[in-house]
Amino acid sequence: RIIDVGLTGLALAAVQSKPRRLRTPAEQKVIDTGIRWLLANQAQSGSFGQRTIVYSTSSVIFALSLAAREADAELRPQILQSMKRARKLLQALQNTEGREYAASDVDYGSYGYGNDERGDLSNTNFALDAMRQAGLPEGDEAFAKAIVFLQRLQNLPAVNTFKTSTKDPKSGAEV
């Protein structure tokens, strides 16, 4: 049985959107218990989850980043260390030279689900947002490399310099 910690991360992030002063003791207990459970389910690699690692790890970072703001002196260092490990994992999962992608590859700078799957806008958005919340400086090269991918999604020759050709499925002619 695979437990999807990513869904728990999203739920805990949502519950924490209620200001702490307005939460009931039962709501706070759910948050505290959930955050500790998330921390206990981080893999040595820094990942959370087993299937959609980028989504799961990112959503847990969302919950942890909110929890870190109000955590006590004992729990806050654990949360920050966990987020740092998760951020490093996400940095390593970006489709760049470290994963044998060249700047000329269509998926360069993107994120997929965490395996060898193609990059997509949703995973890329989640990963970039999570890394930012986990303390990655805005000048980090991960953001510059992601811009390469994002520009390739635009139908605007001024920013999309990617050159490729495809075949029309009906005629077989190159387009």
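**Notebook: leucine 64 and its surroundings**

I began with leucine 64, which I located in helix H3. The model I am reading is a predicted one. I looked up the accessibility of leucine 64 and found 0% relative accessibility, so I entered the residue as buried. I then listed its neighbours, leaving out residues up to four places away in sequence: leucine 64 touches Ile35, Leu39, Phe48, Ile79, Ser82 and Met83. I also checked one C-alpha to C-alpha distance, and leucine 64 and arginine 36 lie 9.8 Å apart in space while standing 28 residues apart in sequence.

**Entry: the overall fold**

I next recorded the secondary structure of the protein chain, which comes to six helices and zero strands. Read from the N terminus, the elements run α-α-α-α-α-α. The protein chain has 175 residues, of which I find 41% counted as buried. I also looked at contacts between residues at least 6 apart in sequence, and 57% of these join residues at least 24 apart.

**Entry: the nonpolar core**

Which residues touch the most other members of the largest nonpolar core? I noted Ile35, Leu38, Leu64, Ile79, Tyr111 and Met131, within a core of 36 residues. I then asked which helices supply at least two residues each to this core. They are H1 (5–15), H2 (25–40), H3 (53–70), H4 (75–93), H5 (121–133) and H6 (141–152). H3 gives the largest share, 10 residues. I add a general remark: in soluble globular proteins, nonpolar side chains tend to be buried together.

I followed isoleucine 35 further. With residues up to four places away in sequence set aside, isoleucine 35 touches Leu12, Gln16, Ala63, Leu64, Ala67, Leu75 and Ile79. Leu64 thus appears among the neighbours of isoleucine 35, and Ile35 among those of leucine 64.

**Entry: H1 against H2**

I turned to helix packing. I find that the axes of H1 and H2 come within 10 Å and cross at roughly 145 degrees. I recorded this crossing as left-handed. On the H1 side the contact is made by Val5, Thr8, Gly9, Leu12 and Val15, and on the H2 side by Val30, Ile31, Gly34, Ile35, Trp37 and Leu38. Sorted by class, this contact holds eight nonpolar, three polar and no charged residues.

**Entry: H3 against H5**

I examined a second helix pair in the same terms. The axes of H3 and H5 come within 9 Å, and they cross at roughly 35 degrees. The crossing of H3 and H5 is left-handed. From H3, I listed Val54, Tyr55, Ser58, Ser59, Ile61, Phe62 and Ser65, which meet Ser122, Asn123, Phe126, Ala127, Asp129, Ala130 and Gln133 in H5. By class I entered seven nonpolar, six polar and one charged residues for this contact.

**Entry: aromatic pairs**

How many aromatic pairs does the count give? I obtained three. One of them joins tyrosine 55 and tyrosine 113, with ring centres 5.6 Å apart and planes at 55 degrees, so I recorded the pair as tilted. Tyrosine 55 belongs to helix H3 and tyrosine 113 to the loop between H4 and H5, and the two are 58 residues apart, so the pair links distant parts of the chain. I checked tyrosine 113 for accessibility and noted 29%, which counts as partly exposed.

I then took phenylalanine 62 and phenylalanine 126. Their ring centres are 5.3 Å apart and their planes stand at 65 degrees; I therefore noted the pair as edge-to-face. Phenylalanine 62 lies in helix H3 and phenylalanine 126 in helix H5, so this pair ties together parts that are 64 residues apart in sequence. Is phenylalanine 62 buried or exposed? I found phenylalanine 62 buried, with a relative accessible area of 10%. I closed the entry with the cluster that ring pairs form from Tyr55, Phe62, Tyr113 and Phe126.

**Entry: serine 56**

I looked up serine 56, also placed in helix H3. Its relative accessibility is 3%, and I entered serine 56 as buried. Beyond residues up to four places away in sequence, serine 56 touches Asp4, Val5, Gly6, Phe48 and Gly49. Phe48 is likewise listed among the contacts of leucine 64.

**Entry: glutamate 100**

Last, I checked a backbone angle. Phi of glutamate 100 is near 70 degrees, a positive value in a residue other than glycine. I located glutamate 100 in the loop between H4 and H5. With 75% relative accessibility, glutamate 100 counts as exposed.

Key: Residues numbered from 1 in each chain as written. Predicted model: local features only at pLDDT ≥ 70, side-chain atom pairs only at ≥ 80, totals over all residues. Heavy atoms only, no water. Core = buried A, V, L, I, M, F, W, Y, C linked by side-chain atoms within 4.5 Å. Buried < 20%, exposed > 50% of the residue type's maximum accessible area, 1.4 Å probe, protein only. Helix = DSSP H or I, 4+ residues; strand = E, 2+ residues; numbered from the N terminus. Contact = heavy atoms within 4.5 Å. Phe/Tyr/Trp six-rings, centres within 6.5 Å; stacked < 30°, edge-to-face > 60°. Axes fitted to C-alpha atoms, helices over the stretch in contact; angles between N-to-C directions. Left-handed = near helix turned anticlockwise from the far one by under 90°. Nonpolar A, V, L, I, M, F, W, Y, C, P; charged D, E, K, R; others polar.
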